[in-house]
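Here are some short exercises to work through with the structure open beside you. Try each task before reading its solution.

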Amino acid sequence: MTPVAERADVDVLRRTWGSKPGLIGWLSSTHHQQIGRRYICTAFIFLLIGGVEALLMRLQLAKPENTFLTAVRYNQIFTLHGTTMMFLFAVPVMEGMGIYLVPLMVGTRNVAFPRLNAFGYWMYLAGGLFLYGCAFFNMIPDAGWFAYPPLSGPQFSPGKGVDVWAQMITFTEISALCVAVELVVTILKMRAPGMSLNRMPMFCWSMLVQSFMIIFAMPAVMIASTVFLLNDRTLGTHFVNPAEGGDPLLYQHVFWFFGHPEVYIIFLPALGMVSSIVETFTRRKIFGYPALVLSLVGNGFIAFGLWVHHMFATGLPQIGEAYFTAASMMIAITSGVQIFCWLATLWSGRLKGTAAVHFVFGFIFIFVMGGMTGVMLASIPLDLQGHDTFFVVAHFHYVLIGGALFPLFGGFHYWFPKFTGRRMDEALGKLSFWILFIGFNVTFFPMHWLGMIGMPRRVYTYIAGRGWENANVIATVGAFVILIGGLVFIANALRSLSVGAKAGNDPWEASTLEWEAESPPAPYNFPNLPVVTSRTPLWTPESERAIVVGLREDRREILITNVLEAAPHHRSVQPRSSLWPMLTALGLAIGLAGSIFAFYWYYVASVLGMIGLIGWFWPERPIEVDP
Amino acid sequence: MNQSMWHASGSNALEVRELAVFFGLLLGAIFLVVIGIALLSLTRRHRGIQQEPLEGSHVPSFETESRLRIVVSVATALTVLILLGLTVVSVSVGRTVSASTAPPGSLPIEVTGAQWWWKIRYTNDDPRRIFATANEIHIPVGRPVAIRGGSDDVIHSFWVPSLQGKRDLIPGHTTVEWLQADKPGEYRGQCAEFCGLQHAHMAFWVVAETPDQFNAWFDHQLQPAAEPADDQTKRGQDIFLKSGCVLCHAIRGTNAGAQIGPDLTHFGGRKTIAAGTLPNTKGNLAGWIADPQNIKPGTHMATVPIQPAEMQPLIDYLESLK
Amino acid sequence: MSERRTLDVSGLPPYDISNKSPLFWGQVLMCLIEGSLLCMLIATYFYLRLGVDSWPGPGVQLPGLTFSTWALIPLIASCIGSYLASEAAKKNSRAGMLFGLGLNLALAVVFLVLRWIEWNSFNFTWESDAHGSIVWTILFLHSYDIVADVLMTVVLLIIVVSGKYGPRQRIGVHVDSVLWYFLVGIWIPLYGVIYWAPRLIGAGR
């Protein structure tokens, strides 16, 4: 290290890293902040759509034998609700947060593969537009978000709805895999010098584990939806056809081998957000960092070993039952350790009760309750009663809304100043929390009871006199309370965009690197990349922290470090912004959309995709580094 | 409340209810402890909620950290122990109640799921003592019943919460579960695996009777349908046999032998029509026959054209099939 | 501010063509994705196999050993071409890259031709039964990957021939080889599953 102060020229950096103006510039942007923001905004639009679908379902179930929705519509809506929330909201919004925050947190200028990043977003958008675009032509899936054959097969689901569903999975899955690959490489190879793995923020750990889970889990859903379901439907294969040697249970195994990890894919990033918020607002280093990291990694592994608990009712051999019960309960250990560590942090910290902290407490309350019902459902005798009833509906909404949505909203309050340069209103934030928290419990707590008194899920109506009326009315009322809470939240965000208090770089005096960047960050993130000497770099006196000099500013140069210690290894030049990722996604989207009508569209997809890739990888002029 | 795990009858459902209470109380207590600690942490260090600006970070004392480390370790160890205990309890209860084989001496019944009704077949070593019915299962109190499940179309799930948990009915597979009722009563069951349009209206009844009543019912079911006793029902039988009804339905003792829809031999004795959708009354039956799509949209029951004048005799005939 | 200590990285190389390059890591992760996909198909193969009495169904012949086994020779040999190309890319030897990529391409094409001939000898399609479905799916997916990589090799060849390439394209040659090793490597277990497993474990139960 030299004492020479060689400050960066921010004007040159801005020209180098900024996007071109205008529509072309917008379409060709490959910057992680822009892509991340697009993911988050698009995902919130799908959250609204999925939420409206939920309200429609609640209205239909508000009274017995209701005729507000027909059976067909109801089945379509609950299929769309599940599909939208899982594939078009929950996963993408977490990816968006990761794409935006990870490069800032690890102290670099962009994600590892910016063009892949842009491509992933366009595929996601295309998938969402494909699903809802087809809805206008009444090609709406109605076999559930899980699409079990034979019900989803060619015989019992004629029409194109299920094909649309299956191919939409391909879109979102490609998108998720792109993000997973680039986040793993960003986290492992592009951390600021000195940020050894044991100094990495918890959020980055959670995104790392989540990305690896995506890499191992997502191919399974591709097999289930495309290879088994779509090929059986359109090509005449027999994977799930018992008459020709296939087996419907095969689909369930493969689907849940993806489907269970999917839950953790959604809520691990949320756990990372909780750690960030807790650390900042208790003003102390998070308690039990190694235990938290090990629990995350443990979660990642165990999550792949308990898919069968979604299939207990199919009648498995007893030994398998015992194993999967034990495995399903084991996941409560790793989740428990994390809760204990946060509680210990809260206990010994000096807590400040911001809106973000409110959401964290809401998370603890709801998620722990969801965990308890999860332990109940891990027990086979109880699962055989609770499975496919409203008890399960209650359970997984407690886990997913409590475990993912509340931390996400908390994280949104927490990072909003970084995204926009302005703070969200604290009072309105707390108000939206209380409305959401109360509305959530009013909606979903009665569902535990409904399930125990025999109401199955996925029914479009129920006959009177079963004792289900009151709880259903309460749940419907609660759903509208949630709506009000959501509107307050959105209103707060929109209002704060223009009138929120100016935030400055570090409004919370937080510990991690993203708060060293401007709010909102400049396109280059940091004028000089930071050097890290502790787990809480911003709580280390500035005099002890060095900065990186010597990176070229007139081209998109980044620093590659090694995996364990993040010691600088070499510089690397990133490609410029480009339209090709968008064009490649467009070509693939056209081909994949066509493929539900005829197989040759796959060739169209391949040819267009290949053309796109050639343009994407074609050497840029001038060549930026001499050969 | 005769479709509820709380309204349990029979050893299986009772054991599961006990297990649920045990799990619920224990886990509920743990939940309260966790939330209690979280809330207590709010009152610690007499820090107000609205302090501004934030102070700098702090490092808790070494003693605090090591105390917390011990507490967290103990809590983790307790979690492991409790979960281990729950696993053992759960597996030992599951060994009997979720077994895939039935105890010896069980009454064998085949249940086949179909969109959207239940085909019931009482099997027997003596082929003369086999018969088919639909949507209503009678069982003797105090005797285990082996349910052998299958499906001809999509996946369904057989579930009578008051007697036993659910078991999926899967095309290409035969699944087994057993149940037993300890007291006479009527228990409602419902399909628990989404099976398409009318999944909501795919219910059935289990009627538990004393062994004597059951045997009488059983012997009666073996009989062919009652001959029409008067002109009206005779006319109804003619209408039935000449109509499209016979393309799907069987009435033993007549020429109607199709197996596509429910067997109607003793239809008049059943509690409900259309798989638990409507109580079995003449008015409901007329509505159902006249316009099945109105009552159960999407049902595979065909709308058979019946002249208005023919409806009453037809209804009277069907309801006479006790 | 100007008193902050600095870490000067201007002395570090401006690019790196090795297994430390981000693109290499990206390629490895892509291979992991493709690998878990294909492993899942292997699991599917055995799951389906265990569910039926006769495998394949009556009247269906197992895929033949002759062409598939001979085809292994050009396939494995083509890795030499990949290796030479990636070593040449590290040394920035244009002639070496041309030779390596060319050799790889030629042998890959021989492999694909042999596979095509073999396919024409099958007496079953994916519509025959579950065995046909899974075998054709594995073959199709693997062939699709091979063809995609061959096309990528063609593009790289054109770029190298044109001479207007930079370090990023040389890294491309390197990771193209990594992908090829993976596709060849994963074929060995797939080949074992499709051609040998039913013969060794027994066609009937």
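The exercises below concern a predicted model, and each is followed by a worked solution.

**Exercise 1. Find the strands that pair with β1(B), and say in which sense each one runs.**

Solution. Start with strand β1 of chain B, residues 107-114, and strand β5 of chain B, residues 145-151: these two are parallel and share seven bridges. Within this pair, look across from Val111(B) and you will find Gly149(B).

Next, turn to strand β2 of chain B, residues 117-122, which runs antiparallel to β1(B) and is joined to it by six bridges. Here Val111(B) has Ile120(B) opposite. Finally, trace the chain from β1(B) to β2(B): the link is a hairpin of two residues.

**Exercise 2. Describe the contact between chains A and C from the side of chain A.**

Solution. Begin with the counts: chain A brings 58 residues to the contact and chain C brings 49. On chain A, the elements giving two or more residues include the helices α6 (161-189), α7 (202-234) and α8 (248-282) and the strands β1 (547-549) and β2 (557-561). Of these, α7(A) supplies the largest share, seven residues.

Now sort the chain A side by class: 40 residues are nonpolar, 10 are polar and eight are charged.

Then zoom in on β1(A), which runs parallel to strand β1 of chain C, residues 6-8, with three bridges between them. One bridge pairs Ile547(A) with Thr6(C).

**Exercise 3. Check whether the length of helix α2(C) agrees or disagrees with its number of residues, then see what the helix packs against.**

Solution. Helix α2 of chain C covers residues 66-91, which is 26 residues. At 1.5 Å a residue the expected span is 38 Å, and the C-alpha atoms at its ends lie 40 Å apart, so the two agree.

For the packing, pick out the buried residues, among them Ala71(C), Leu75(C), Ser78(C), Ser82(C), Ala85(C) and Ala89(C). As a reminder, an α-helix has 3.6 residues a turn, so residues three or four places apart point the same way. The buried residues of α2(C) pack against α3 (94-120) and α5 (167-201) of chain C. Just after the helix, look for Asn92(C), which has a positive phi near 55 degrees.

**Exercise 4. Decide where in chain A the pLDDT is below 50.**

Solution. Take the whole chain before its parts: chain A has an average pLDDT of 93, and 98% of its residues score at least 70. Then go to residues 1-5 of chain A, where the pLDDT is below 50. In the model, this stretch makes 12 contacts beyond near neighbours in sequence.

Technical notes
Residues numbered from 1 in each chain as written. Chains lettered and ligands numbered in written order. Predicted model: local features only at pLDDT ≥ 70, side-chain atom pairs only at ≥ 80, totals over all residues. Pairing = 2+ DSSP bridges. Helix = DSSP H or I, 4+ residues; strand = E, 2+ residues; numbered from the N terminus. Contact = placed C-beta atoms within 7 Å. Nonpolar A, V, L, I, M, F, W, Y, C, P; charged D, E, K, R; others polar. Expected span 1.5 Å × (residues − 1). Buried ≥ 20, exposed ≤ 12 C-beta atoms within 10 Å, placed from the backbone. pLDDT = per-residue confidence, 0-100.
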